[in-house]
Amino acid sequence: MSTENNEFRFTTGVIGYPILFVLLIWIAFWVEVRFGFDFNNYGVSPRTVKGLRGILFSPFIHGDLSHLWHNTLPLLILSMALFFFYPKNVWKVLSIGVVLTGVLTWSLGRPAYHIGASGVIYMLFGFLFFKGVLAKHFRLIALSFVVVFIYGSMIWYIAPIDPKISWEGHLSGLITGVLLAFVIRKGIAKPKVYHWESEAYNPDEDEFLKHFDEHGNFIEKLPEESFETEITVIYDYKEKGGNKTSME
C-alpha cells in the first residue's frame, strides 16, 4: 500500500498559461516598438511612491530585444515546471512571488528603473530548487537537479557584476522563491509510504517474512505428496510340480 497526496497530471494549462505569460511580454514590447512608447518609467523605482506601480508592471517591460529573448525561454520552461509539478500552489506562488519580489526590489534597489521578468525567473528558480529538496519526493528532487543543471549559472547574477543588470531584482526574486519554498507546505506531493514504513507495521505478521528464518535463510517447504489410492499386488509363481497358482 502506498499513498501520494498529489498527482502530477498534464493539462492544457501546463503549456497554455506559460505561453500566455510569454505572449504578453512580447506584445508589450511590440507596442513599444510599433507605436514609439517608452514603458521604462513604469518599472520599479526604489523608494518612490511612483515606483510602486512597477511591482506589477515591471515584469512585462524589457529594454531591448536581447533582454526580452534571454528572459523568454527561462520564463517559459520554469513556469511550465511550476504548473506541472505544483498545480495546487501555482497561483499562490505566482501572485505572492511577483508582489514580494517587486517589494524587495523597491526596498533594496538602486535609484533607477528596474524592469524585466528576470526577478520572476529567479523567484521560480529558487522555489523549484529548494521546494524539491525539502519535499523529499524523488520526482521533485529530480526536478531540482534539472533546474540547477540548466540554470545554475544564473546564481552569479545576484551579485553586482554588471551595472546594467538589476542584480537587486535577481536577488529579491531568489530570496522570495526560497522563502516560499519553506513557507508553502500544503498541496505538495508526498513521498510514497509503504506498509512496512507505517507505525502499525508488525514484522511478525508479515506473510512474506514468514518464509525466512532469523538469519535470512529461505525456509519455504512444499507439502509432501500423499498417496491414498489402494494398490493391489498380484504374485505369480510356480510350484515344483509345474502347477501355476495365482495369489492375490
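This is a short talk about the helices, ring pairs and two buried residues of one predicted protein model.

Okay, housekeeping before the fun part. The model is predicted, so local features need pLDDT of at least 70 and side-chain atom pairs count only at pLDDT 80 or more, while totals for chains, interfaces and linings use all residues. Residues are numbered from 1 along each chain as its sequence is written, and side-chain values use heavy atoms, with hydrogens and water left out.

So, the overall layout. The protein chain has seven helices and two strands; these are DSSP runs numbered from the N terminus, H or I with at least four residues for a helix, E with at least two for a strand. Reading from the N terminus, the order is α-α-α-α-α-α-α-β-β. Of the 248 residues in the protein chain, 34% are buried. Buried here means under 20% relative accessible area, exposed is over 50%, and partly exposed is in between, using a 1.4 Å probe and protein chains only. As for contacts, meaning heavy atoms within 4.5 Å, take those with a separation of 6 or more: 73% of them come from residues 24 or more positions apart.

Now the helix packing. Two packed helices are described by the angle between their axes and the distance between the axes. The axes are lines fitted to C-alpha atoms, for helices over the stretch in contact, and the angles run from 0 to 180 degrees between N-to-C directions.

Let's start with helix 1, residues 12–35, and helix 3, residues 65–85: their axes come within 8 Å and cross at roughly 160°. That makes helix 1 roughly antiparallel to helix 3. The cut-offs are under 35 degrees for roughly parallel, over 145 for roughly antiparallel, 65 to 115 for roughly perpendicular, and oblique for the rest. The helix 1 and helix 3 crossing is right-handed, and here's the convention: right-handed if the near helix is turned clockwise from the far one by less than a right angle, left-handed if anticlockwise. On the helix 1 side the contact includes Gly 13, Tyr 17, Ile 25 and Phe 29, and on the helix 3 side it includes Leu 68, Thr 72, Leu 75 and Phe 83.

What does Ile 25 touch, not counting residues up to four places away in sequence? The answer is Pro 59, Phe 60, His 62, Leu 68, Thr 72 and Leu 75. Ile 25 lies in helix 1 and is buried, with a relative accessible area of 2%. There is also a long-range neighbour: Ile 25 and Ala 117 are 92 residues apart in sequence, yet 8.5 Å apart C-alpha to C-alpha.

Next up, helix 7, residues 167–183, which packs with helix 5, residues 118–135, at about 30°, axes 7 Å apart. That makes helix 5 roughly parallel to helix 7, in a right-handed crossing. Among the residues that meet there are Gly 119, Tyr 122, Gly 126 and Phe 130 in helix 5, and Gly 169, Gly 173, Gly 177 and Ala 181 in helix 7.

Helix 4, residues 90–108, also packs with helix 7, at about 140° with axes 8 Å apart. So helix 4 is oblique to helix 7, and that crossing is right-handed. Val 93, Gly 97, Leu 100 and Leu 104 are among the helix 4 residues involved, and they meet a set including Gly 169, Gly 173 and Thr 176 in helix 7.

One more buried spot: Ser 144 is found in helix 6, residues 138–151, at 1% relative accessibility. Leaving aside neighbours within four places in sequence, Ser 144 is in contact with Leu 128, Phe 129, Gly 132 and Val 133.

Right, rings. Rings of Phe, Tyr and Trp (its six-membered ring) pair if their centres lie within 6.5 Å; planes under 30 degrees apart are stacked, over 60 edge-to-face, and the rest tilted. By that rule there are 13 aromatic pairs. Take Phe 83 and Trp 91: the ring centres are 5.4 Å apart and the planes sit at 85°, so the pair is edge-to-face. Phe 83 is buried at 8%, whereas Trp 91 is partly exposed at 45% relative accessibility. Phe 129 and Phe 130 are edge-to-face too, 5.0 Å centre to centre with 85° between the planes. Phe 130 counts as partly exposed, at 29% relative accessibility.

Finally, ring pairs link Trp 30, Phe 35, Phe 37, Phe 39, Tyr 42 and Phe 57 into a cluster. Two charges sit over rings here, meaning NZ of Lys or CZ of Arg within 6 Å of the ring centre and within 35 degrees of the ring normal. The charged end of Arg 34 is over Phe 35, 5.3 Å from the ring centre, and Arg 53 lies over the face of Tyr 42 at 4.2 Å.
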